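Here's a small set of exercises to work through with the model open in your viewer. Try each task before reading its solution.

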Amino acid sequence: MGVAPRKKLASTEEKDYSVRQREKKVKVETPLANIQENTFFKVIFLDSLSLEQKVEEVTNILEFSDNKEIDRVKIQEFDTFKEYLQSILDSNMKCNFKHGGVKKVER
């Protein structure tokens, strides 16, 4: 059984100040940094396709082949895209919560 391919992770540097106020650089890995290269991202956010065409295209991409390694890579890429969508949802929820949520305006 083969080893699943590792995600390409982009890294950013953040400052971490300890008790003695020394600056230390810490690398933070972000798996969603290159999401524009994701096959599913490209299909879903392609304006020229209708909703039905997008569904059909994603279905075609997710069809299993005779090569299990390729199928694993496709599933991993799909999982990465789902993580991206979830991170957007979480970010929006935090933003709404931080600003008091959606308020009904009375006239």
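**Exercise 1. Find the salt bridges and say how each pair sits in its helix.**

Start with the tally: the structure holds three salt bridges, a salt bridge being a side-chain nitrogen of Lys or Arg within 4 Å of a carboxyl oxygen of Asp or Glu. Before going on, keep in mind that this is a predicted model, where local features need pLDDT of at least 70, side-chain atom pairs count only at pLDDT 80 or more, and totals for chains, interfaces and linings use all residues. Residues are numbered from 1 along each chain as its sequence is written, and side-chain values use heavy atoms, with hydrogens and water left out.

Step 1: take Arg 72 and Glu 69, whose side chains meet with N to O at 2.8 Å. Both lie in helix α3 (residues 68-98), three residues apart, or about one turn of the helix. Helices here are DSSP runs of H or I with at least four residues, strands are runs of E with at least two, and both are numbered from the N terminus.

Step 2: go to Lys 82 and Asp 79, which pair up at 3.5 Å, N to O. They too are in α3, three residues apart.

Step 3: finish with Lys 74 and Asp 71, with 3.9 Å from N to O. Again you're in α3, and the spacing is three residues, about one turn.

**Exercise 2. Sort the salt-bridge residues by burial.**

Step 1: set the classes. Buried means under 20% relative accessible area, exposed means over 50%, and partly exposed is in between (1.4 Å probe, protein chains only).

Step 2: apply them. Arg 72 has a relative accessible area of 33%, so it's partly exposed. Glu 69, at 32%, is partly exposed as well. Lys 82 comes out at 43%, so call it partly exposed, and Asp 79 counts as partly exposed because its relative accessibility is 26%.

Step 3: check the remaining pair. Lys 74 and Asp 71 are both buried.

**Exercise 3. Describe the surroundings of Asn 38.**

Step 1: locate the residue. Asn 38 is in the loop between β2 (23-30) and α1 (39-44).

Step 2: is Asn 38 buried or exposed? Its relative accessibility is 5%, so Asn 38 counts as buried.

Step 3: look for contacts (heavy atoms within 4.5 Å). Leaving aside residues up to four places away in sequence, Asn 38 touches Glu 77, Thr 80 and Phe 81.

Step 4: check the polar side-chain atoms. One of those on Asn 38 lies 2.7 Å from the backbone nitrogen of Phe 40.

**Exercise 4. Work out which side of α2 is buried.**

Step 1: list the buried residues. In α2 (residues 51-61), Lys 54, Val 58 and Ile 61 are buried.

Step 2: ask how they're arranged. They cover an arc of only 60° around the axis, so they're on the same side of α2; the arc is that of the directions from the helix axis to the C-beta atoms.

Step 3: turn the helix around. Glu 52 and Glu 56 are exposed on the other side of α2.

**Exercise 5. Sum up the whole chain.**

Step 1: read the order of elements. From the N terminus on, you get β-β-α-α-α.

Step 2: add the burial figure. Of the 107 residues in the chain, 12% are buried.

Step 3: see how far contacts reach along the sequence. Among contacts with a separation of 6 or more, 39% are between residues 24 or more positions apart.

Conventions:
Polar contact = N/O pair within 3.5 Å; in protein donor to acceptor, adjacent residues only side chain to side chain.
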